[in-house]
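Got your viewer open? Load the model and follow along, one selection at a time.

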Protein chains: 2
Amino acid sequence: MPTYDPDNIFAKILRGEIPSHKIYEDDHTFAFMDIMPQADGHALVITKAGSRNLLDADPKVFTPLMTTVQKIARAAQQAFGVDGVLIKQFNEADAGQTVYHLHVHVIPRPAGTSLKPHSGQMADQTRLAEHAAKYRAALAQG
Amino acid sequence: MPTYDPDNIFAKILRGEIPSHKIYEDDHTFAFMDIMPQADGHALVITKAGSRNLLDADPKVFTPLMTTVQKIARAAQQAFGVDGVLIKQFNEADAGQTVYHLHVHVIPRPAGTSLKPHSGQMADQTRLAEHAAKYRAALAQG
């Protein structure tokens, strides 16, 4: 497996070199809106520690990573009024990975809707900002 | 959210009341073949602690759960000769959940292939047994 590249786009987001629609941050994780959402409220949770994906991740990241995924998934139910939440994580290009920094997709799934394609169309920035605000409001309520 | 039902099919597999094509087991997790695979080598990792899905899971399970998912994903690469491994986890029916016991899908993704539908067709038992044996051999090699 190729090694981790610290100049990937998510590492740049973590360093503040590229803007993002931030939802949440703690010592070990960072959550923000996917700019090519497969559904409204499609969020990403990334680790601050650099790894290419799950395959080379240090198991020390698993509790903080999944605790944040759980937190964002619960907030998604509240913020987007859904019961269903899909979690996906891609390892390597053949599985659909496009950015080589460990990230977990959190996707609200309203009843009776289909997912849009992965890495499909860029969303409107105003809309993404509104969705990030919905998440932050849900998280603030606990 | 409805509560956890200890008579779900995966709880029965854990108690040995229903057979499964077992790949791996430790104190906190159990891995076996999905009987309706979306691709060859489609495995499931479940927690021994009962929770309905990720939303109500005790964060204590995250490190053992994801450590086993990582182990099975690495074994999948070796056992099925793939680079790509897709990880999925469904929360509630609208997201595709059909069994209400926390489980993570580990799906080998050979280049240039499409996934079969989720909960599609029952696989041949002999073939599932062979695939479980491939996983166990890969895990034994480390």
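The tour goes from the interface to a histidine, then to some salt bridges and a strand.

Before you click, note that this is a predicted model, in which local features need pLDDT of at least 70 and side-chain atom pairs count only at pLDDT 80 or more, while totals for chains, interfaces and linings use all residues. Residues are numbered from 1 along each chain as its sequence is written, chains are lettered from A and ligands numbered from 1 in the order in which they are written, and side-chain values use heavy atoms, with hydrogens and water left out.

**Stop 1: the interface**

Colour chain A and chain B separately and select what touches across the divide. You should pick up 28 residues of chain A in contact with 28 residues of chain B, where contact means heavy atoms within 4.5 Å. Together the two chains bury about 2500 Å², 60% of it on carbon and sulfur atoms; that buried area is the accessible area (1.4 Å probe) that two parts lose on being put together, summed over both.

What about polar contacts? There are 11 residue pairs in polar contact between chain A and chain B, both residues being at pLDDT 80 or more. The term covers a pair of N or O atoms within 3.5 Å; within protein, one must be able to donate a hydrogen and the other to accept it, and residues adjacent in sequence count only if both atoms are side-chain atoms.

Now show just the chain A side of the interface. Both α2 (62-80) and β4 (84-91) of chain A supply at least two residues each to the side that touches chain B. (Helices, H or I with at least four residues, and strands, E with at least two, are DSSP runs numbered from the N terminus.) The largest share of that side, nine residues, comes from α2(A). By residue type, the side of chain A that touches chain B splits into 14 nonpolar, seven polar and seven charged. For that split, Ala, Val, Leu, Ile, Met, Phe, Trp, Tyr, Cys and Pro count as nonpolar, Asp, Glu, Lys and Arg as charged, and the others, Gly among them, as polar.

How many salt bridges does the rule find across the interface of chain A and chain B? Zero, taking a salt bridge as a side-chain nitrogen of Lys or Arg within 4 Å of a carboxyl oxygen of Asp or Glu.

Switch to cartoon and pick β4 in both chains. β4(A) and β4(B) (residues 84-91) pair in the antiparallel sense over seven bridges; strands count as paired if DSSP finds at least two bridges between them. To see one, select A:Val85, whose bridge partner in β4(B) is B:Asn91.

**Stop 2: A:His105**

Next, go to A:His105 in strand β5 (residues 103-109) of chain A. Is A:His105 buried or exposed? It is buried, with a relative accessible area of 1%; the cut-offs are under 20% relative accessible area for buried, over 50% for exposed and in between for partly exposed (1.4 Å probe, protein chains only). Its side chain joins that of A:His42 in a polar contact of 2.8 Å. Leaving aside neighbours within four places in sequence, A:His105 is in contact with residues including A:Asp34, A:Leu86, A:Phe90 and A:His118.

**Stop 3: salt bridges**

Over all chains, the whole structure has 12 salt bridges. Try these:

- A:Lys22 and A:Glu25 meet side chain to side chain at 2.4 Å, N to O.
- B:Arg127 and B:Asp40 form a salt bridge at 2.7 Å, N to O. This pair links distant parts of the chain, 87 residues apart, with B:Arg127 in helix α3 (residues 125-141) of chain B and B:Asp40 in the loop between β2 (29-33) and β3 (43-47) of chain B.
- B:Arg52 and B:Glu92 meet in a salt bridge at 2.8 Å, N to O, and both residues are buried.
- A:Asp7, A:Arg15 and A:Glu17 are linked in a network of salt bridges.

**Stop 4: β2 of chain B**

Finish by selecting β2(B). Five of its five residues are buried, so β2(B) is largely enclosed by the rest of the structure. Turn on side chains: B:Thr29, B:Ala31 and B:Met33 point one way, and B:Phe30 and B:Phe32 the other.

Then add the flanking strands. β1(B) (residues 22-25) pairs with β2(B) in the antiparallel sense over three bridges, and a hairpin joins them through three residues. Look for B:Glu25 opposite B:Phe30. β2(B) and β3(B) also run antiparallel, joined by five bridges, and there B:Phe32 has B:Leu44 as its bridge partner.
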